[in-house]
Amino acid sequence: MRLARFLVAGALIASACGSSDRSRATPDVVGQERRTIPPFPKRPEPSSHPSSSATAPTGPRIVILGDSLTAGLGLPIEQSYPALLQQRLNEEGLHYQILNAGVSGDTSAGGLARVDWALEGDVRVMIVALGGNDGLRGLPPEQLKKNLAAIIERAQSRGIRVILAGMEAPPNYGREYLVAFHKVYPALAKEYHVALVPFLLDGVAGNDTLNQRDGIHPSAAGARIVAENVWKALKPVVKASP
């Protein structure tokens, strides 16, 4: 499958580049021309409840603003990485409620359009996991940066701590685009002093056994790794929060 070949290639780029400015792996893309590419497939209804419960949250919230990777497309909701993070919080005795604000197909612009809704209530932490669909569509990295910056500013203006989860662009847009896209996330993390997950799909992208048949979305085993990637950044933030 072309998707699988792309992800394998992307994973090889990731392992070769390490922490440099070169790109790592990314979700799928097909074709060689710079053109509009369909976003991640859409789930019928985005998740709008805390991952741990079907009832409204009663404690301080952690909102995860993302796309289908966050929504858990193709998985039972309890196997999505936000639900797994809720389990870790419960195990650690940390009384937060995860709000899964993942909407399949969303770009950074879509996230910005709904961020005020996502930040309603007693939100203490926001995890921003957007950009995969921007990269798939070849949208300008400077626009991605502008949208993500606005999202971070909205949260910080309310005293909400932010964690930024990095994503990578597909390789068929060329090295200049790859590098510009990759630089967005560490630059924003430095500018706004927010915690950074360098690559949301680190250890998962390009591995057939950790992805669903579409080659894009993590399997249950892959989602556990994604949850661990995020937990490394989230744990010190919630431990330090009052």
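A residue is called buried under 20% relative accessible area, exposed over 50%, and partly exposed in between. The exercises below apply to a predicted model.

**Exercise 1. Classify E191 and H193 by accessibility, and state where each is found.**

Solution.
Step 1. E191 has a relative accessible area of 48%, so it is partly exposed. This residue is found in helix α7.
Step 2. For H193 the relative accessible area is 72%, so H193 is exposed. Its place is the loop between α7 (175–192) and β5 (195–197).
Step 3. The backbone of H193 deserves a remark. Most residues other than glycine have a negative phi. H193 is not a glycine, yet its phi is positive, at about 55°.
Step 4. A distance places E191 relative to another part of the chain: its C-alpha atom lies 9.3 Å from that of A149, although 42 residues separate the two along the chain.

**Exercise 2. Describe the overall make-up of the protein chain: how many helices and strands are there, and in what pattern do they follow one another?**

Solution.
Step 1. The protein chain contains eight helices and five strands.
Step 2. Along the sequence they follow the pattern α-β-α-α-β-α-β-α-α-β-α-β-α.
Step 3. Of the 242 residues, 55% count as buried.
Step 4. Consider contacts between residues at least 6 apart in sequence: 77% of them join residues at least 24 apart.

**Exercise 3. Determine which strands β1 and β3 pair with, and how β2 and β3 are covered.**

Solution.
Step 1. Strand β1 (residues 61–66) pairs with β2 in the parallel sense over six bridges. Within this pairing, L65 has A101 of β2 as its bridge partner.
Step 2. β1 also pairs with β3, again in the parallel sense and over six bridges. Here I64 stands opposite I127 in β3.
Step 3. β3 is joined in turn to strand β4 (residues 161–165) by four bridges, and the two run parallel. V128 has L164 in β4 as its bridge partner.
Step 4. Burial of β2 (residues 97–102) is then examined. Six of its six residues are buried, so β2 is largely enclosed by the rest of the structure. Both faces are covered, with Q97, L99 and A101 buried on one side and I98, N100 and G102 buried on the other.
Step 5. β3 is mostly covered, since six of its seven residues are buried.

**Exercise 4. Identify the buried residues of helix α4 and the elements they pack against.**

Solution.
Step 1. Helix α4 spans residues 108–118, and its buried residues are S108, G110, G111, L112, R114, V115 and A118.
Step 2. These buried residues pack against three strands, β1, β2 and β3 (123–129), and against the helices α5 (132–137) and α6 (141–156).
Step 3. A general point helps in reading the list: an α-helix has 3.6 residues a turn, so residues three or four places apart point the same way.

**Exercise 5. Which residues of the largest nonpolar core touch the most other members, and which helix gives the most to this core?**

Solution.
Step 1. The core holds 65 residues, of which M126 and L148 touch the most other members.
Step 2. Helix α8 (residues 220–240) gives the most to the core, with nine residues.
Step 3. The contacts of M126, leaving out residues up to four places away in sequence, are V63, L65, V115, L119, I151, A155, I160, R161, V162 and I163.
Step 4. As a general background, nonpolar side chains tend to be buried together in soluble globular proteins.

**Exercise 6. Characterise the largest cavity, then locate Q79 relative to A223.**

Solution.
Step 1. The count comes to one cavity of 30 Å³ or more. The largest cavity has a volume of about 80 Å³.
Step 2. Its lining comprises 14 residues, and those closest to its centre are L69, L75, Y81, P218 and A223.
Step 3. By type, the lining divides into nine nonpolar, five polar and no charged residues. α2 (68–71) and α8 each supply at least two of the lining residues.
Step 4. Q79 is found in the loop between α2 and α3 (81–91). Its relative accessibility is 31%, so Q79 counts as partly exposed.
Step 5. Apart from neighbours within four places in sequence, Q79 is in contact with L84, A220 and A223. The C-alpha atoms of Q79 and A223 are separated by 7.1 Å, while the two residues are 144 apart along the chain.

Notes: Residues numbered from 1 in each chain as written. Predicted model: local features only at pLDDT ≥ 70, side-chain atom pairs only at ≥ 80, totals over all residues. Heavy atoms only, no water. Core = buried A, V, L, I, M, F, W, Y, C linked by side-chain atoms within 4.5 Å. Buried < 20%, exposed > 50% of the residue type's maximum accessible area, 1.4 Å probe, protein only. Contact = heavy atoms within 4.5 Å. 1 Å grid on protein atoms, 1.4 Å probe; cavity = no way out; pocket = protein on both sides within 12 Å on 5 of 7 lines; lining within 4 Å. Points joined across faces, edges and corners; volume = space filled by probe spheres on them. Nonpolar A, V, L, I, M, F, W, Y, C, P; charged D, E, K, R; others polar. Pairing = 2+ DSSP bridges.
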